Amino acid sequence: MLRLIAYLCIWTTPIQVALAFWGFYIILVSDYSLFSLSNLEFITNQLGFLLPVIDWMYTWMPKPLLDWVLAIPIILHQTTKAIVSTWFGILILRKLNRTHNYL
């Protein structure tokens, strides 16, 4: 199960990098700045079909937490997520390989 989580963390990195580049492109061609293009603005304007998912998330997540996550600038958020999730996936795989070699 941990191996699956590790691979999922690594395999989703290209999607996160693509979203960061997409956000960067939007900043270049529009009036948004690095800090004004939040996750919510990006989803509302570019991925509107995800708005029902966000409404559903408000029913089970604490509202202040979700408001905070959606207010983070998309470029900073996706870049940080890509770095951290890739690192985490590699870390899990290294730990699993070390314990497997000792058995």
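A search of the whole structure, which is a predicted model, finds one salt bridge. The partners are Asp67 and Lys63, whose closest N and O atoms are 3.1 Å apart. Both residues belong to helix α5 (residues 63-71), where a spacing of four residues places them about one turn of the helix apart. Asp67 has a relative accessible area of 30% and is therefore partly exposed. In general, side chains of opposite charge can pair when their charged atoms come close.

Aromatic contacts were examined next. The count comes to three aromatic pairs. In one of them, the ring centres of Tyr7 and Trp11 lie 5.3 Å apart with the planes at 15 degrees, so this pair is stacked. Tyr7 and Trp11 are four residues apart in helix α1, a separation of about one helical turn. Tyr7 is partly exposed, at 32% relative accessibility, while Trp11 reaches 58% and counts as exposed. Another pair consists of Trp22 and Phe42, with ring centres 4.9 Å apart; the planes meet at 85 degrees, so the arrangement is edge-to-face. Because Trp22 lies in helix α2 (residues 13-29) and Phe42 in helix α3 (residues 39-46), this pair ties together parts that are 20 residues apart in sequence. The relative accessible area of Trp22 is 33%, which makes this residue partly exposed. Phe42, by contrast, is buried, with a value of 1%.

Two buried polar residues, Asn39 and Gln16, were considered in terms of their contacts. Asn39 is located in helix α3. Its relative accessible area is 5%, under the 20% limit for a buried residue. The side chain of Asn39 is joined to that of His77 by a polar contact of 3.0 Å. With residues up to four places away in sequence left out, Asn39 touches Val69, Leu70, Ile72, Ile74, His77 and Gln78. The polar-contact partner His77 thus appears again in this contact list.

Gln16 is part of helix α2 and has a relative accessibility of 9%, so it counts as buried. Its side chain reaches a backbone atom, the nitrogen of Ala82, at 3.0 Å. Gln16 touches Gln78, Lys81, Ala82 and Ser85 when residues up to four places away in sequence are not counted. Gln78 is listed among the contacts of Gln16 and also among those of Asn39.

Cys9 is situated in helix α1 and is buried, with a relative accessible area of 15%. Outside a window of four places in sequence, the residues touched by Cys9 are Ser85, Thr86, Phe88 and Gly89. Ser85 is likewise touched by Gln16. The C-alpha atoms of Cys9 and Trp22 are separated by 20 Å, the two residues being 13 residues apart along the chain.

On the surface, a nonpolar patch is formed by Met1, Leu2, Leu4, Ile5, Ile83, Val84, Trp87, Phe88 and Leu91, which together have about 930 Å² of accessible area. Helices α1 (2-11) and α6 (74-102) each supply at least two of the patch residues. The largest share, five residues, comes from α6. One of the patch members, Ile5, is placed in helix α1. Ile5 has a relative accessible area of 33% and is therefore partly exposed. This value lies over the 30% required for patch membership. Phe88, another patch member, is also among the residues touched by the buried Cys9.

Gly48 was examined as a loop position. This residue lies in the loop between α3 and α4 (51-60). At 33% relative accessibility, Gly48 counts as partly exposed. Gly48 and Ile15 are 33 residues apart in sequence, and the distance between their C-alpha atoms is 18 Å.

How values were computed:
Residues are numbered from 1 along each chain as its sequence is written. This is a predicted model: local features need pLDDT of at least 70, side-chain atom pairs count only at pLDDT 80 or more; totals for chains, interfaces and linings use all residues. Side-chain values use heavy atoms; hydrogens and water are left out. Patches are made of residues with over 30% relative accessible area and no salt bridge: like charges are joined within 9 Å, nonpolar side chains (Val, Leu, Ile, Met, Phe, Trp, Tyr) within 5 Å. Accessible areas come from the Shrake-Rupley method with a 1.4 Å probe; for residues, only the protein chains shown count as cover. A salt bridge is a side-chain nitrogen of Lys or Arg within 4 Å of a carboxyl oxygen of Asp or Glu. Buried means under 20% relative accessible area, exposed over 50%, partly exposed in between (1.4 Å probe, protein chains only). Rings of Phe, Tyr and Trp (its six-membered ring) pair if their centres lie within 6.5 Å; planes under 30 degrees apart count as stacked, over 60 as edge-to-face and the rest as tilted. A polar contact is a pair of N or O atoms within 3.5 Å; within protein, one must be able to donate a hydrogen and the other to accept it, and residues adjacent in sequence count only if both atoms are side-chain atoms. Contact means heavy atoms within 4.5 Å.
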